[in-house]
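Take a moment with the sequence and the model. Then follow this short tour of strands, cores and one helix.

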Amino acid sequence: MQSNSTLTVRRATPDDAGPLITVLVEAFLDGPVADWLVPDLNDRRTVYFRYFKHVLHHGLQYGRVDTTSDLSAVAIWYTRDEVPLLASTDHYYAVEKATGKYAPKFLLLDAIFETHHPHGPHDYLAYVAVDTRRQSRGVGSALLTTAHQTLDAANRAAYLEASNTRSRDLYLRLGYRQGEPIHLPTQGPLIWRMWRGQPTDGSPAPFPTDLLPRRRPL
């Protein structure tokens, strides 16, 4: 457990699920990816609630979920070495059940992310969200800085996908490098692939292009 000024970062528990699901839903409810996944605004909040309920519980079971003492932010991390993250029948079934008629887009997004995921040991930041009332106050940076300190001590790299230029620029300030972006199909938005490594000279590590898998047709 670590503090940043008055903000305390700790590991989330199942008892925190309700508030953290709400944080995830509200943080991701608007934007180009949300428009692409669930174009109908009348459906989006309900679909997102079911989807992020699955996402959070999956993270609690298989990954690491960090939060703050006031539950105003959440980050879902997974250890990625050689094992695919979500390639399981149970996950696909859960996503289909949660997202209904929108499942093809959600599953396509999973497949695209997996296709473009770097190989080699690293920790994967699958989701990070801050309460919309607390954004632009350093909460997200504090949450990630705590995780980065742990990764640096273990000489572990980190990888994530940024869905807008604002978050991409934040990650650049936190020591990430930008890789080749992903263009989502069917007039979808641009996704920025970000890598944070541990070079010996202290400068940001370049994106590991030598670790990229061979692309498969979508």
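Leaving aside its neighbours within four places in sequence, which residues is Ile76 in contact with? They are Leu24, Val55, Leu56, Gly59, Arg64, Val65, Tyr124, Leu125, Ala126 and Tyr127. Keep in mind that this is a predicted model.

**The cores**

Ile76 belongs to the largest nonpolar core, which has 41 residues. Together with Tyr48, Leu56, Val74 and Phe106, Ile76 touches the most other members. Several elements give two or more residues to this core. The helices are H1 (17–28), H2 (32–37), H3 (41–62) and H5. The strands are S4 (73–80), S5 (122–130) and S9 (190–196). Another core lies apart from this one. That second core has 22 residues, among them Leu125, Val130, Leu151 and Ala158.

**Helix H5**

H5 covers residues 103–115, 13 residues in total. From its first C-alpha to its last, H5 reaches 18 Å, close to the 18 Å expected at 1.5 Å a residue. Its buried residues are Ala103, Phe106, Leu107, Leu109, Asp110, Ile112, Phe113 and Thr115. A general rule helps when reading such a list. An α-helix has 3.6 residues a turn, so residues three or four places apart point the same way.

**Strand S3 and its partners**

Strand S3 spans residues 64–68, and five of its five residues are buried. In a regular strand the side chains alternate between the two faces of the sheet. In S3, Arg64, Asp66 and Thr68 lie on one side. Val65 and Thr67 lie on the other. Both faces are covered.

S3 pairs with two strands listed here.

| Pair | Sense | Bridges | Residues standing opposite |
|---|---|---|---|
| S2 (residues 7–11) and S3 | antiparallel | three bridges | Arg10 and Thr67 |
| S3 and S4 | antiparallel | four bridges | Asp66 and Ala75 |

S3 and S4 form a hairpin with four residues between the strands. In this hairpin, Leu71 takes a positive phi near 60°.

**A closer look at Thr67**

Thr67 is found in strand S3. Is Thr67 buried or exposed? Thr67 counts as buried because its relative accessibility is 0%. The side chain of Thr67 reaches the backbone oxygen of Ala73 at 2.7 Å. Neighbours within four places in sequence aside, Thr67 is in contact with Thr8, Val9, Arg10, Ala12, Asp16, Leu20, Ala73 and Leu143. One of these, Arg10, is the residue that stands opposite Thr67.

**Leu190 in strand S9**

Now turn to S9, where Leu190 has its place. Leu190 has a relative accessible area of 24%, so this residue is partly exposed. The cut-off for buried is under 20%. Where does Leu190 make its contacts, beyond neighbours within four places in sequence? Its partners are Ala162, Ser163, Pro181, Ile182 and His183. Leu190 and Ser163 are 27 residues apart in sequence. In space, they are 7.0 Å apart, C-alpha to C-alpha.

**How far to trust the model**

The protein averages a pLDDT of 86, and 84% of the residues score at least 70. Among the elements, H1 has the highest mean pLDDT, 97. Strand S1 (residues 2–4) has the lowest, 45. Over residues 210–218 the pLDDT is below 50. That stretch has 14 contacts in the model beyond near neighbours in sequence. Where pLDDT is low, the predicted coordinates should not be read in detail.

Definitions and conventions: Residues are numbered from 1 along each chain as its sequence is written. This is a predicted model: local features need pLDDT of at least 70, side-chain atom pairs count only at pLDDT 80 or more; totals for chains, interfaces and linings use all residues. Side-chain values use heavy atoms; hydrogens and water are left out. The expected span of a helix is 1.5 Å times one less than its number of residues. Buried means under 20% relative accessible area, exposed over 50%, partly exposed in between (1.4 Å probe, protein chains only). A nonpolar core is a set of buried Ala, Val, Leu, Ile, Met, Phe, Trp, Tyr and Cys residues joined through side-chain atoms within 4.5 Å. Contact means heavy atoms within 4.5 Å. Two strands pair if DSSP finds at least two bridges between them. pLDDT is the predictor's confidence in each residue, from 0 to 100. A polar contact is a pair of N or O atoms within 3.5 Å; within protein, one must be able to donate a hydrogen and the other to accept it, and residues adjacent in sequence count only if both atoms are side-chain atoms.
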